[in-house]
Amino acid sequence: MLDAELLLAHVLKTSRAALRARPERPLTAEQAGQFEPLIDRRAQGEPVAYLLGRAGFMDFELAVNPSVLIPRPETELLVELALETLADSDSPAANQDNIARIADLGTGSGAIAIALARHNPAWRVEAVDISKAALALARRNAQALGVGNIRFRQASWCEGLPPSAFDLIVANPPYVAKGDPALHPDCAFEPETSLFAAEDGLAALRQIITTAKHHLKPQGWLILEHAHNQQIPVTKLLATEGYRQIETHKDHAHHDRLIRARLGRSLTQPLI
Ligand SMILES: C[S@@+](CC[C@H](N)C(=O)[O-])C[C@H]1O[C@@H](n2cnc3c(N)ncnc32)[C@H](O)[C@@H]1O
């Protein structure tokens, strides 16, 4: 019902509230011709956000299309944790005129990068994705929202990023194990490269954890989203790779879904 209302409001170029205020309003033949195929596509499982071409994230809207993952509410929690981390007087950015350098790995629609860049126009954000189509959309989203402090980079994870440069690296990488029966059917419409990773879903997380440490400032932070059953292997990997202050955070359903860790290197130790 909610989906049908959203699609109808979209066709009629009105709000759901206006729709409810005049439910008896008949559709023109042209409007019915637009609405019915959308309902059919929704019935086939196509996500509403793709049908509308937009999705809400934090306090703004993003254009989305099938080249990007539809941003999820858990990822808003990642943004909130990132903002808390950067506001903490103990973080490196807080000591240097609050000009944080941040990298968002696997930016997709640009959701995380844009949310952080909007929060403080003085921060400098690198948004990385391997997908050219995703980056094109992320760039358009940043432009539409008037966000100018993001640099977009087509690369694999940390490839080509400067060493010891970032106060914070964040990532919501693909972490679903191939063949996971719990995957929601609507996900079939999202790009495989945004969902699935080898090694029981851990391959991308592993790659990011092992490389991000070379690109964080001493005392810099890494924040990752992961699947609800990956907290133990991700914690172990972070510890093995020398991160400290490893902290798990739960989503709204009380599942372990976010992890924050800090680079343990002292200022005088060599880089690698
Ligand atoms: C789970 S989606 C996250 C999208 C967005 N950050 C969000 O939270 O909504 C993962 C993203 O990682 C990108 N990706 C997959 N493999 C990559 C790689 N090797 N290097 C960089 N990005 C990659 C995908 O293209 C996809 O956009």
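The second largest pocket holds about 190 Å³ of space. The model is predicted. Rolling a probe the size of a water molecule over the atoms shows where empty space is left.

**Pocket lining**

The wall of the second largest pocket includes Met1, Ala4, Glu5, Leu8 and Leu12. Leu19, Arg20, Arg22, Pro23, Arg25, Leu27 and Phe35 also line the pocket. Two helices, α1 (2-12) and α2 (16-21), each supply at least two of the lining residues. Which element gives the largest share? That is α1, with 4 residues. By class, the lining has 8 nonpolar and 4 charged residues. No polar residue takes part.

**Ligand site**

The ligand is surrounded by 18 residues. The closest are Gly106, Asp129, Trp157, Asn172 and Ser194. By class, this shell has 8 nonpolar, 9 polar and 1 charged residues. Three polar contacts to the ligand are tabulated here, with the atoms involved.

| Residue and atom | Ligand atom | Distance |
|---|---|---|
| Asp129, polar side-chain atom | oxygen | 2.7 Å |
| Ser156, polar side-chain atom | nitrogen | 3.0 Å |
| Trp157, polar backbone atom | nitrogen | 3.0 Å |

Asp129 and Ser156 each use a side-chain atom. Trp157 instead uses a polar backbone atom. How much of the ligand does the protein bury? Taken alone, the ligand exposes 590 Å², and the protein buries 94% of that.

**Two loop residues with positive phi**

Most residues other than glycine have a negative phi. Asp200 has a positive phi, near 60 degrees, and is not a glycine. Where does Asp200 lie? Asp200 sits in the loop between β8 (196-197) and α9 (203-212). Is Asp200 buried or exposed? Its relative accessibility is 63%, so Asp200 counts as exposed; the cut-off for exposed is over 50%.

His254 also has a positive phi, of about 65 degrees, although it is not a glycine. His254 belongs to the loop between β10 (243-250) and β11 (256-263). Why does His254 count as exposed? His254 has a relative accessible area of 62%, and exposed means over 50%.

**In brief**

The second largest pocket has a lining of nonpolar and charged residues, with α1 as the main contributor. The ligand has 94% of its area buried by the protein. Its contacts include Asp129 at 2.7 Å. Asp200 lies in a loop and is exposed. His254 likewise lies in a loop and is exposed.

Key:
Residues numbered from 1 in each chain as written. Predicted model: local features only at pLDDT ≥ 70, side-chain atom pairs only at ≥ 80, totals over all residues. Heavy atoms only, no water. 1 Å grid on protein atoms, 1.4 Å probe; cavity = no way out; pocket = protein on both sides within 12 Å on 5 of 7 lines; lining within 4 Å. Points joined across faces, edges and corners; volume = space filled by probe spheres on them. Nonpolar A, V, L, I, M, F, W, Y, C, P; charged D, E, K, R; others polar. Near = heavy atom within 4 Å. Polar contact = N/O pair within 3.5 Å; in protein donor to acceptor, adjacent residues only side chain to side chain. Areas by Shrake-Rupley, 256 points an atom, 1.4 Å probe, with all protein chains shown as cover. Buried < 20%, exposed > 50% of the residue type's maximum accessible area, 1.4 Å probe, protein only.
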